[in-house]
Amino acid sequence: MKVVILAGGMGKRLSEETIFKPKPMVEIGGKPILWHIMKIYSAFGFNDFIICLGYKGYIIKEYFANYFLHLSDVTIDLKENRIEYHLSDCEPWRVTLVDTGILTETGGRVKRVAKYIGAQTFMLTYGDCIGNVNIKELLNFHRTRGRLLTFTAVKFPCEYGILELSETEEVEITDPPQKKENWICGGFFVVEPEVLERLEGDDTDWDSILAELIKEQKVAVYKHYGFWYGVNTFKDVEYLEKLWNKGKFLWL
């Protein structure tokens, strides 16, 4: 089964890093976010990836084109113009890299890679979210529900106190609603090929397709209670880097 990853956005809120590279190439523990996402799927035996490129997509192409060089010890024979890779282990990945345009919307990006997906069920996720989602359990859940699409819902805690404002201008600060079920869509979709027919072109937004399917009651929701984190700011990168340095690989 193919795994489609949306990796074409500009990541403006993370401009400290994304001025030089696409957001999915921002590193955690010396590895791009994209690598971490792929490792999540690979852990469950899903190794066939289609990556939707956009902003600075050539950097992602160069990363995978030179993957052995990044990963291995090498011997470079200048006289013979030959490189020998000393590789003992490597991910069993098949990676299709597709330029889907700089300004293309998320649904449009999926539309552009449809020819590589074919008429089969596929997985889809964002290029900036990681979590210890049980991918096989997610897939089994989707198959038992018989819907066109399943998305993973995750709890999203609010880190700030909430202001309660009355009409008399009295202010009360309450604790963050950590214990409430603040569910959001965390990506990690399973999608039937019929959904591809709804994608009209580059201006199609994936969220609008999702809303359309929800309205038609053709969506199942898989609740994930474990670790999940979206990378939007440099603060998020620092947090995940600290976890990595402490050996707390909560998403792998």
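In which strand is L53 found? In this predicted model, L53 belongs to strand β4. The residue has a relative accessible area of 2% and is therefore buried, since the limit for that class is under 20%. In space, L53 lies 5.7 Å from V98, C-alpha to C-alpha, although 45 residues separate the two in sequence.

Strand β4, which spans residues 48-53, also contains F49. Aromatic contacts were examined across the whole structure, and the search found 16 aromatic pairs. A pair of aromatic rings is described by the distance of the centres and the angle of the planes. For F49 and W93, the ring centres are 5.8 Å apart and the planes meet at 75°; the pair is edge-to-face because an angle over 60 degrees places it in that class. This pair connects distant parts of the chain, with F49 in strand β4 and W93 in the loop between β6 and β7, 44 residues apart. Both F49 and W93 are buried. Ring pairs further join these two residues with Y63, F64 and Y67 in a cluster.

One member of the cluster, Y67, takes part in a polar contact as well: its side chain and that of E91 are joined at 2.7 Å. E91 is situated in the loop between β6 and β7. Its relative accessible area is 17%, and E91 is therefore classed as buried, the limit being under 20%.

A second aromatic pair is formed by Y41 and F188. Their ring centres are 5.8 Å apart and their planes are at 25°, so the pair is stacked. This contact also bridges distant parts of the chain: Y41 is in helix α2 (residues 33-42), whereas F188 is in the loop between β13 (183-185) and β14 (189-191), and their positions lie 147 residues apart in the numbering. Both Y41 and F188 are buried, and for F188 the relative accessibility is 0%. Another contact with an aromatic ring involves a charge: the charged end of K31 sits over the ring of W35, at 5.2 Å from the ring centre.

The backbone of F188 was also considered. Most residues other than glycine have a negative phi, and most peptide bonds are trans. F188, which is not a glycine, has a positive phi of about 50°. N81 likewise has a positive phi, near 55°, and is a residue other than glycine. N81 is placed in the loop between β5 and β6, while F188 is placed in the loop between β13 and β14. The two residues fall into opposite classes of accessibility: N81 is exposed, with a relative accessible area of 71%, whereas F188 is buried, at 0%.

At the surface, a nonpolar patch of about 780 Å² is made by F68, L69, L71, V74, I76, L78, I83, Y85 and L87. The elements that contribute two or more residues to this patch are α4 (67-71), β5 (73-77) and β6 (82-86). Of these, α4 gives the most, with three residues. F68, one of the residues of the patch, lies in helix α4. With a relative accessible area of 39%, F68 is partly exposed, because this value falls between the limits of 20% for buried and 50% for exposed residues.

Conventions. Residues numbered from 1 in each chain as written. Predicted model: local features only at pLDDT ≥ 70, side-chain atom pairs only at ≥ 80, totals over all residues. Heavy atoms only, no water. Patch = residues over 30% accessible without salt bridge, like charges linked within 9 Å, V, L, I, M, F, W, Y side chains within 5 Å. Areas by Shrake-Rupley, 256 points an atom, 1.4 Å probe, with all protein chains shown as cover. Salt bridge = Lys/Arg side-chain N within 4 Å of Asp/Glu carboxyl O. Helix = DSSP H or I, 4+ residues; strand = E, 2+ residues; numbered from the N terminus. Buried < 20%, exposed > 50% of the residue type's maximum accessible area, 1.4 Å probe, protein only. Phe/Tyr/Trp six-rings, centres within 6.5 Å; stacked < 30°, edge-to-face > 60°. Lys NZ or Arg CZ within 6 Å of the ring centre and 35° of its normal. Polar contact = N/O pair within 3.5 Å; in protein donor to acceptor, adjacent residues only side chain to side chain.
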